[in-house]
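Let's take a walk through this structure together. Keep the 3D view open and turn it as you read.

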Amino acid sequence: MGLLSPSRGDAVAHAPCCSVIMDPCRMRMAPRIEDSVIASHENPEGRPRGPRSWPDHARLVKTGSEMDSKKAADDWTSFDERQLAYHTTQWKNPKESTKAFEAFIAHRLDGSRRIIDLGAGTGAATAFLAGRHPATDFVAADYVSDFLRIGENVAKNQGLDNLAFRQLDWMEMPETTEFDGVVSLQTLSWLPEPVEPLVQVFTKLKPEWFALTSLFYEGDISCTISVHEHVTGQRFFYNVYAIPEIRRVCAEHGYHIASTKRFEIGIDLEKPDNLDAMGTYTRRVVTESSDTIERLQISGPILMPWHMLLIERS
Ligand SMILES: C[S@@+](CC[C@H](N)C(=O)[O-])C[C@H]1O[C@@H](n2cnc3c(N)ncnc32)[C@H](O)[C@@H]1O
């Protein structure tokens, strides 16, 4: 069993005013997010210093050996300093992918009344969207209450009054029609599989539209990628989902994919020194026409085929 779920997550939230956070896995103190974490990890590219960057901080950890169980979705266990830094750094330096995502769905964000972000972490990316679209209400939802509490504090300090926080398990979504739009950034590929999360959204929330960023492939091939960092002992998914498969699931529930876009990063990311830990970096390649440069995004031994999808009700 993991240590952080809605109820288990509360165990680390008793630190007074979020000034200290006890890591329940390693039982050591994490620093205040307002100063030391943000300050020491930020860099101009908006990613934590050190060998890792999101989504490499995602810790979808299985304590058992099976990585294909849906139960794995409830096994995000690590709440370590680097993961915390991944979430909190974004408050000051929004990720390039978040900016691209905002541009991709700006027309839908503007026309919507209320939007929920599933797997929002501390809500840093949600806050970026909320700041750009002040007439729309946003709810940052996650099942780890500690993330939400941290985000609430930061949002309050920043005076963002169109951003709320809600604890919620994506796999056991409550039925509600209060949201006309749903977003999810960099989370679906770190869940065991895509179908149930999509069906939960389509049948429980029934939104007008649902936009997400994750690892997708244009062809009809999905890959379940189970990463095992032998040195840290941590395991997590880096799944790549076939867009045609997502299209079929949409069609079965009265939705369709309205548009897709590859996320091509506009900056170079250095290769981490530590080869034993996942960490995104870029390599420039010349495109077929030889007149432009493309940046491949690589993490550990894996190519990262980032895409943005906009799904709409048919
Ligand atoms: C790796 S983070 C991405 C955070 C954020 N969207 C971003 O782009 O920075 C994935 C998040 O999904 C959350 N998560 C995983 N499974 C979930 C579930 N079943 N219900 C709600 N949140 C979940 C994790 O707690 C984590 O905060």
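We'll start with the whole chain, move to its core, and finish with a small sheet.

First, a caution: what you're looking at is a predicted model. The chain runs to 314 residues, and buried ones make up 43% of them. In terms of secondary structure, there are eight helices and 15 strands. If you take the contacts between residues at least 6 apart in sequence, 72% of them join residues at least 24 apart.

Now for the inside. In soluble globular proteins, nonpolar side chains tend to be buried together. Here the largest nonpolar core has 59 residues, and the members touching the most others are Ala140, Val182 and Ala211. Pick out Ala211 and see who's around. Setting aside neighbours within four places in sequence, Ala211 is in contact with Ile105, Arg108, Val183, Met308, Leu309 and Leu310.

Next, find helix α3, which covers residues 81–92 and holds Trp91. Is Trp91 buried or exposed? There are 24 other C-beta atoms within 10 Å of Trp91, and a residue needs 20 or more to count as buried, so Trp91 is buried. Trp91 also sits beside a residue from elsewhere in the sequence: its C-alpha atom is 4.9 Å from that of Ala124, although the two are 33 residues apart along the chain.

Two backbone oddities are worth a stop. Gln186 isn't a glycine, yet it has a positive phi of about 55°. You'll find Gln186 in the loop between β6 (181–185) and α7 (195–205). Gln186 counts as buried because it has 21 C-beta neighbours inside 10 Å. On the other side of α7, in the loop leading to β7 (209–217), is Lys206. Lys206 is another non-glycine with a positive phi, this one about 45°. Lys206 has 17 C-beta neighbours inside 10 Å, so it counts as partly exposed.

Last stop: the small sheet. It's an open sheet of three strands in the order β12-β13-β14, with antiparallel pairing. β12 and β14 stand at the edges with a single partner strand each, so one side of each is left without a neighbour in the sheet.

Look at the pairings one at a time. β12 (residues 280–286) and β13 (residues 293–299) are joined by seven bridges. One pair to click on is Val285 with its bridge partner in β13, Glu294. Six residues lie between the strands of this hairpin, and among them Ser290 takes a positive phi near 65°.

β13 then pairs with β14 (residues 302–303) over two bridges, again in the antiparallel sense. Here Ser299 has Ile302 in β14 as its bridge partner. The β13 and β14 hairpin has two residues between its strands, and Gly300 in the turn has a positive phi of about 55°. While you're there, check where the side chains point along β12 and β13. In a regular strand the side chains alternate between the two faces of the sheet.

Conventions
Residues are numbered from 1 along each chain as its sequence is written. This is a predicted model: local features need pLDDT of at least 70, side-chain atom pairs count only at pLDDT 80 or more; totals for chains, interfaces and linings use all residues. Two strands pair if DSSP finds at least two bridges between them. Helices (H or I, at least four residues) and strands (E, at least two) are DSSP runs, numbered from the N terminus. A residue is buried if 20 or more other C-beta atoms lie within 10 Å of its own, exposed if 12 or fewer, and partly exposed in between; C-beta atoms are placed from the backbone. Two residues are in contact if their C-beta atoms, placed from the backbone, lie within 7 Å. A nonpolar core is a set of buried Ala, Val, Leu, Ile, Met, Phe, Trp, Tyr and Cys residues joined through C-beta atoms within 7 Å.
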